[in-house]
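Could you walk me through how this fold is put together? I'd like a tour of the sheets, the helices that pack on and around them, and any odd spots in the backbone.

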Amino acid sequence: MRSEASASTVANKKLAVIGDPISHSLSPALHKFFIDRFHLPFSYEARRVTAQDLPNFLREAKSSGYRGFNVTIPHKQAILPLLDELSETADAIGAANTVIIEDGAAIGENTDVSGFLSMIRLAAVDLSRREVLVIGAGGAARAVIFALQQAGVSRIFVCNRSPQRLQQCASWMSTTLAKKWEAWSWDELEEMVKNQKPEIIINATSIGMHPNIEQSPLSAAFFSPAMTVVDLVYNPLLTRLLRDASQAGARIVHGLNMLIMQGVAAMELWSGKQLDIEAKLPEFQKILVEKTQR
Ligand code: NAP
């Protein structure tokens, strides 16, 4: 799904990110950068919207000049039944992080999938025919798993701490994935890495995120120079997982470019304009890192 609108013809100018809590969100900084640098005709604000207020906010967004909004914790799944239409991706994953208002209708999209694939492309990592371990089974993990299938990996291993969430993810994979996949329990993680030797390991949990910066899902002994290790966490940029993997000679990819590129994808849908962000990435990464350190 892609909006046909061009920046000059977009009538609705308001954008927002909604969640509860919302004060920690980097989305306003992200989108204000795009609005400023690409001269886009939008305003962008953070709005605290409780679960109870979600239907009211949606009515307001459809009737009072909103072009769209981002959705964050805890509404990414809860918003789905309130929307008029879903992209194939949002429908398949069961979560939306972006909503576009088009002729009074609210359309849900999930740009974490393209954000993840752009991050991988920018890091020049080849996913095709690779065996990949995804640690985590929440919303981000599902977006990553869906993206891995699109990128042509050969097998996906998923490991998660809570058996219940692992089971829910396994049921979802059995109906959504055509690729080979396996679900592993948390206490089997190290044995799994030792025996199956996945070529790419992706952390899609919040382990290692500020303030728990010394935590890692896997101890240093399990990394090798043949591996690529990706962490979706972007605060800090170099998590314990990535530091250990790098010391063992593995290639590492941090999560900041995924954050940026999922935002680019959302802004492209709202504006109808292609944003040539790559030359601006270093400047933008610096701004975001400074924000996370405040
Ligand atoms: P979520 O749906 O709440 O899922 C959280 C996941 O983390 C679950 O698998 C949970 O396992 C696991 N987890 C949390 N604390 C853990 C711990 N101490 N030990 C083991 N597992 C733990 O959240 P999400 O939306 O998937 O986000 C997950 C992470 O990805 C967050 O850090 C988020 O910031 C990051 N993310 C980054 C981007 C980006 O653009 N770079 C985009 C989306 C998400 P249980 O089931 O056992 O609770």
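**A walk through the fold**

Helix 4 and helix 5 cross in a right-handed way. Keep in mind from the start that this is a predicted model. Two packed helices are described by the angle between their axes and the distance between the axes. For helix 4 (residues 112–122) and helix 5 (residues 139–150), the axes come within 8 Å and cross at roughly 60 degrees. That angle is why helix 4 counts as oblique to helix 5. On the helix 4 side, the residues that meet the partner are Asp112, Val113, Phe116 and Leu117. Helix 5 answers with Ala143, Val144, Phe146, Ala147, Leu148 and Gln150. Sorted by class, this contact has 8 nonpolar residues, 1 polar and 1 charged.

Now follow helix 5 over to a sheet. Helix 5 lies across strand 7, strand 8 (155–160) and strand 10, and runs at about 170 degrees to strand 7. Helix 7 (residues 189–196) also runs at about 170 degrees to strand 7, and it lies across strand 7, strand 8, strand 9 and strand 10. The sheet itself is open, with 6 strands in the order 9-8-7-10-11-12 and parallel pairing. At its edges sit strand 9 (180–185) and strand 12 (251–253), each of which pairs on one side only. From one strand to the next, the twist averages 15 degrees. For a closer look at one pairing, take strand 10 (residues 200–203) and strand 11: they run parallel and are joined by 4 bridges. In that pair, Ile201 has Val229 of strand 11 as its bridge partner.

There is another sheet to visit. This one is also open and has 6 strands, but here the order is 2-1-3-5-6-4 and the pairing is mixed. Its edge strands are strand 2 (43–48) and strand 4 (85–86), each paired on one side only. Strand 4 pairs with strand 6 (residues 105–109) in the parallel sense, over 2 bridges. If you want a spot to zoom in on, Leu86 has Gly108 in strand 6 as its bridge partner. Helix 1 packs on this sheet, where it touches strand 1 (14–19), strand 2 and strand 3 (66–71), and its direction makes about 170 degrees with that of strand 2. Helix 9 (residues 256–271) packs on the sheet too, touching strand 1, strand 2, strand 3, strand 5 (98–102) and strand 6. The direction of helix 9 makes about 165 degrees with that of strand 3.

Helix 10 is the next stop, since helix 1 and helix 9 each have a contact with it. The axes of helix 1 (residues 27–37) and helix 10 (residues 281–292) come within 11 Å and cross at roughly 145 degrees. This crossing is right-handed. Ala29, Leu30, Phe33, Phe34 and Arg37 of helix 1 make the contact with Glu283, Phe284, Ile287, Leu288 and Lys291 of helix 10. By class, that comes to 7 nonpolar residues, no polar ones and 3 charged.

How does helix 9 sit against helix 10, and at what angle do they pack? They pack at about 105 degrees, with their axes 11 Å apart. Helix 9 is therefore roughly perpendicular to helix 10. Leu256, Asn257, Leu259 and Ile260 of helix 9 meet Leu281, Phe284, Gln285, Leu288 and Val289 of helix 10. This contact divides into 7 nonpolar and 2 polar residues, with no charged ones.

Finally, the backbone oddities. Most residues other than glycine have a negative phi, and most peptide bonds are trans. Asp20 and Pro21 are joined by a cis peptide bond, with omega about 10 degrees, and Pro21 is in the loop between strand 1 and helix 1. Asn235 and Pro236 are likewise joined by a cis peptide bond, with omega about 10 degrees. Pro236 is in the loop between strand 11 (228–231) and helix 8 (240–247).

As for phi, His39 has a positive value of about 50 degrees although it is not a glycine. His39 is in the loop between helix 1 and strand 2, and is exposed, with a relative accessible area of 69%. Arg129, another residue other than glycine, has a positive phi near 60 degrees. Arg129 lies in the loop between helix 4 and strand 7 (131–135). With a relative accessible area of 66%, Arg129 is exposed.

Methods:
Residues numbered from 1 in each chain as written. Predicted model: local features only at pLDDT ≥ 70, side-chain atom pairs only at ≥ 80, totals over all residues. Heavy atoms only, no water. Axes fitted to C-alpha atoms, helices over the stretch in contact; angles between N-to-C directions. Left-handed = near helix turned anticlockwise from the far one by under 90°. Contact = heavy atoms within 4.5 Å. Nonpolar A, V, L, I, M, F, W, Y, C, P; charged D, E, K, R; others polar. Pairing = 2+ DSSP bridges. Parallel < 35°, antiparallel > 145°, perpendicular 65-115°, else oblique. Buried < 20%, exposed > 50% of the residue type's maximum accessible area, 1.4 Å probe, protein only.
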